[in-house]
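Good morning, colleagues. Please look at the chain on the screen while I go through its charged pairs, its sheets, its nonpolar cores and one patch on its surface.

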Amino acid sequence: MLLQRAYDTEWTAFVYKAPGSRQVELGLAGTGAQLLVWLFGQEWHLDLEVKVHQWYPICITWSGGYQRLRLYINGTMHSANATEQQQHLAQNGTLTLGVSHYVDANGAVQVENGKNLLGEISQFRMWAREWSEEELRRRKCADGDVVRWDLRQWKHDCPPQPDDKLRCESLPAMTLTPPTVSPEVGPTQRVPAHLPNMSTTGEPLDLNLTAVQADVFLRVNLSLIMTGNHTKPEPIIEEWLREKLETTGTTLVLNLIVVQVDDCSRYSCAFHVQDYSTKTIEEIIIFVNATLMAAHENGSIVIETTHVKIKRILPQNCVEQITPTIYGEYFWPETFPQVIQVMGCRKPNWQRAFRLCKLHIETDATSWSDPDMTNCSPMSIPDLENITVTTDNADEVVGIIEDMVNVQLANTTLIPPAELSTVVEKLNQVVDVGAAQPAVSNKVFHIFANILISETDVTLVAGSILTMTDRMGNTMDFPGELLSLTAPSLALSMIDVHLDRFGGLTFGVSSLTSFQEPNVFVNQSFEGKPISGANVTISLPSALQNFLPPGERNKTRIQFQFYGTQDLFQDPQTTSTSTHSGLSLNSYIVSASINGSHVSNLNDGDRVVVTLRHPKAKQPDDKVLCVFWDFQHNGGQGGWSSMGCETRSISPYQTSCLCEHLTHFAVLLDVSREPISEADSQILTVISYMGCGLSSIFLGITLLTYLAFGKLRGDYPSKILINLSAALLGLSMFFLLDSWLSSFSNYSLCIVTAAVLHYFLLASFAWMGLEAVHMYFALVKVFNTYVPSYILKFCVVGWGVPLLLVCLVLAIDKDAYGSTAPTQSAMALHSTDPFCWLQNHIFFYVTVVAFVLLILLGNTFVFVLVLVQIRRMGAKKTSVNSRGTLQDLRAVASLTVLLGLTWLMGFFSFGPGRVVMMYLFTICNTLQGFLVFLFHCLMKENVRKQWRMHVCCGALRLSEHSDWSRTMMPGGRCTKDHLINTDSVNTSSLRNISESSTESNSHKAAKQNSGSSLGNMNILPYLSSHFPYFSRPGNIKVIIIIHELIVS
């Protein structure tokens, strides 16, 4: 109880007296400096001061075995020994709070004035047994089983006074807000002959109070006929029962079930009745029976009862229970039927959790319902340290951890190292207590899987997880001889084999992605070859029978483990970029172990056969190595070792390992190249897609511009530019679509996608090479060069040669694109990097690397020659200004884009500056299409004027008869078929130049020929397009010099 005095006077807390006696059987009273305790009529005086205006938690306990009385006040214990006398309370007595009393001759309770408590009392409760100090600390909010703090169980005539500052007890672990009462004279009632167990409801209560008898529970089976217009009988029947039975305010109708019997009017009902009045059992049954047998009419609805069966039931209390939850560990005390127990939340401590002791209509028995933790906040992972793991609560603890991990990974992408260590340590405790049942182990497995597929770094706990999994598999108890557990990227199979019947075992796993649960295959025989469709297969020979230790019932546990991720196997040789080892893990990981046995030094004919499929195809010059995980490597952190394993390559996608021992097996691929970090890889991927998307848009604009405006595509450089733009657009578009098309897992579609992407890559470089050839003819070899059907022949080379190369690859080996077989292709498409491309090593270097390198070397040679030629021309100009230099630099950049010289950076991506070169390579080449638009559309005067003539309106629109649109050939003639893009060179200036020049006869004949004369017709477009210096009127003397060289 809680007690607070308001005035320093003599006071009484409570007294219990036998019938007809003024002697106190049980009670507590006192003055300011002394306490008086009564038990079995004996008095104890304790020198303890109870100050005014201060709450005191007070508890009295009695041990009959030790003859010991204990008084706890403010957490301090005081003991006293009893004398030999009666040690039971008299029956049929009366209990009052705050006052002393007596029973007069008429049986009425009368108050003894003069010692009333002037103050407040709260949470008065009584139990039928002694509680230890620890129980008192933990159960401070539990209600009593003999007398409880319940408004319905006391008679009182004063209203309750809630006080939010009160606690259940002085200990700070849990708080409630109990109501308080001020003692006043009021009616009391007699305690029954046998003090019953009493239910708790959590309702507010007050004083003066006296305990009454326990709640009565009845089971009622009812048959009735209901006539009238109705569609849903259940609500009507329930309303009728509540209206008739609950009118007294002391009866409740619970757990109603309504079943239609035969026709639309007959129904059978079953329900419980809870009564907490002071009536006897017989009176309650008579009341219920009479109420139900009376006819009921409500409008057109008529209910007539045909049969009633009433039986008293004695449901048991819900036993005390400690439940670990994600909201904390809660102690639910023993609770009466149909009572909602209220407990304080761990977080926040001012909120409440609720749990009902549910009475079930099917069995008339009670059990705890699920707790209502709506008002409570979940714990965090560090709070797991406060939970003690036992065999009984192991399943619940694992469930809590699973919920916590899911909540953590839903809010963030990883679990911090400290919290991860807490999770693993708590799961270790679960395995240590021997609670590795299949259901619990399956939850543990899924916790590991969720952590591994997240971004959590598990390096520090990898060894603990592997060891724990092994112990869990060895100690798990399951029915039958075989059990397999699976979770995303994980599998565990356990087989109990008979020593005398062991003929080998084969274990296989098929896994498509790390987010799916793998499929497990187990054959109780030695296969020695891979299981069809399996990613990993491990076969144990019958010779292992010599290593099988005798176990229970002459059986031995063999377990297989599969890991679809390498996060638990972090070897510096494969994960650190600073070692430059070139080793990478190119398979899943599988292991086998025999409980209590170490297998090693197997004979050649009896070795373990492990077949592993490679997610990434092995190239002809790649070195493949079978390895196992040695826990002693790297100072006990573990690492890969190839000792005792022989490697046999089956295909580019499969490797077989013959090993003389058992452990975790995998395949390492030595590609002798330095990998880049995952962060750089993701950034480069984003840049690639953004650059290609931007280039695709502006290449489309470039094509539309040159195809829509006829005057722009009249000369050969423009026609070559159109073809180059088309090839680059196809390359960018199919690069963007490749990953999406590969996601369909269609073998034929993957081959077509890879072949088309290969074709547009070759076509793009072919037209870059033809751009260089044309530039060479126009600017370097300018004398007597004549090529009939010039553009047609360029188209045959630019589009035909790439097509021929792709067709040759398809004819020789169509599986060079994608994978070597349809099933393998489908598997490759489900890998972490699905991309349809040329996968054969030889074809890649011959048709891609060699072809591109040849084109780029030729383009570089032409680029140097053109720069030298232009420099010689520029040396003869009469005046120089700074603006010409800047524009020449712009022209050099333009030529670099056209010739694709930025692709050369790919051949220099090695050494310390490799990552920087990769960033430059990706940015420049994915933006090549955008740069083509920039230099050859946006920055060209004639293109901008065509836009203004045909697209713009108003003041920005130009007339189609502007001077610039009439392009003249030297000699005063205007050609329609081969326009010269002189940009800003006006026609009048060209006329003056032409008139002052001498035109040779051969030159005239060439101009009128149906073919193409490259010397005089294409030098000016390149000078004006790529070097705008030569298109300015101020530099016209240089053009005169060039013209004289042409016509001489």
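A salt bridge, as I use the term today, is a side-chain nitrogen of Lys or Arg within 4 Å of a carboxyl oxygen of Asp or Glu. Please bear in mind throughout that this is a predicted model.

Let me begin with the charged pairs. In general, side chains of opposite charge can pair when their charged atoms come close. By the rule I have just given, the count comes to 13 salt bridges. I shall discuss several of them.

One joins the side chains of arginine 557 and aspartate 496, with 2.5 Å from N to O. Arginine 557 belongs to strand E30, residues 555-563, and aspartate 496 to strand E26, residues 490-498; the pair thus links distant parts of the chain, 61 residues apart. Are these two residues buried or exposed? Arginine 557 is buried, because its relative accessible area is 10%, and buried here means under 20%. Aspartate 496, at 14% relative accessibility, likewise counts as buried.

The next pair is arginine 607 with glutamate 646, whose closest N and O atoms are 2.7 Å apart. Arginine 607 sits in the loop between strand E32 (589-594) and strand E33 (608-613), while glutamate 646 is in strand E36 (residues 645-651), so the salt bridge ties together parts that are 39 residues apart in sequence. Arginine 607 is buried, with a relative accessible area of 13%, whereas glutamate 646 is partly exposed, at 29%. Elsewhere, salt bridges that share partners join Lys17, Arg22 and Glu112 into one network.

A further salt bridge brings together glutamate 10 and lysine 115, at 3.8 Å from N to O. Glutamate 10 is in the loop between strand E1 (2-5) and strand E2 (11-17), and lysine 115 is in the loop between strand E11 (109-112) and strand E12 (119-122); the pair therefore ties together parts that are 105 residues apart in sequence. Glutamate 10 is partly exposed, with a relative accessible area of 39%, and lysine 115 is also partly exposed, at 41%.

I turn now to the sheets. As a general reminder, strands of a sheet pair through backbone hydrogen bonds, either parallel or antiparallel.

Which strands make up the open sheet of five? Their order is E5-E4-E3-E2-E9, and the pairing is antiparallel. Strand E5 (42-46) and strand E9 (94-97) stand at the edges with a single partner strand each, so one side of each is left without a neighbour in the sheet. From one strand to the next, the twist averages 10 degrees. Within this sheet, five bridges join strand E4, residues 35-39, to E5, and the two run antiparallel. Leucine 36 stands opposite histidine 45 in E5.

Another open sheet has six strands, in the order E28-E27-E29-E33-E37-E36, again with antiparallel pairing. Its edges are strand E28 (519-523) and E36; each has a single partner strand, which means that one side of each lacks a neighbour in the sheet. Here the twist averages 15 degrees from one strand to the next. Strand E29, residues 536-540, is joined to E33 by four bridges, and these strands run antiparallel. The bridge partner of serine 539 is valine 609 in E33.

One more strand deserves attention. Why is strand E34, residues 623-630, described as largely enclosed by the rest of the structure? Because six of its eight residues are buried. E34 pairs with strand E35, residues 639-641, in the antiparallel sense over three bridges. Tryptophan 629 stands opposite tryptophan 640 in E35.

Next, the nonpolar cores. The largest has 59 residues, and those touching the most other members are Tyr706, Leu761, Phe765, Trp767, Tyr790, Tyr817 and Leu838. Among the elements that give two or more residues to this core are helix H10 (678-708), H11, helix H12 (747-780) and helix H13 (790-812). H12 gives the most, with 17 residues. A second, separate core has 53 residues, including Val423, Val430, Val458 and Ala487.

Finally, the surface. Met733, Leu737, Trp740 and Phe744 form a nonpolar patch there, with about 410 Å² of accessible area together. Leucine 737 lies in helix H11, residues 716-742, and is partly exposed, with a relative accessible area of 34%. H11 is also one of the elements that give two or more residues to the largest core.

Thank you for your attention.

Note on methods:
Residues numbered from 1 in each chain as written. Predicted model: local features only at pLDDT ≥ 70, side-chain atom pairs only at ≥ 80, totals over all residues. Heavy atoms only, no water. Patch = residues over 30% accessible without salt bridge, like charges linked within 9 Å, V, L, I, M, F, W, Y side chains within 5 Å. Areas by Shrake-Rupley, 256 points an atom, 1.4 Å probe, with all protein chains shown as cover. Buried < 20%, exposed > 50% of the residue type's maximum accessible area, 1.4 Å probe, protein only. Core = buried A, V, L, I, M, F, W, Y, C linked by side-chain atoms within 4.5 Å. Pairing = 2+ DSSP bridges. Axes fitted to C-alpha atoms, helices over the stretch in contact; angles between N-to-C directions.
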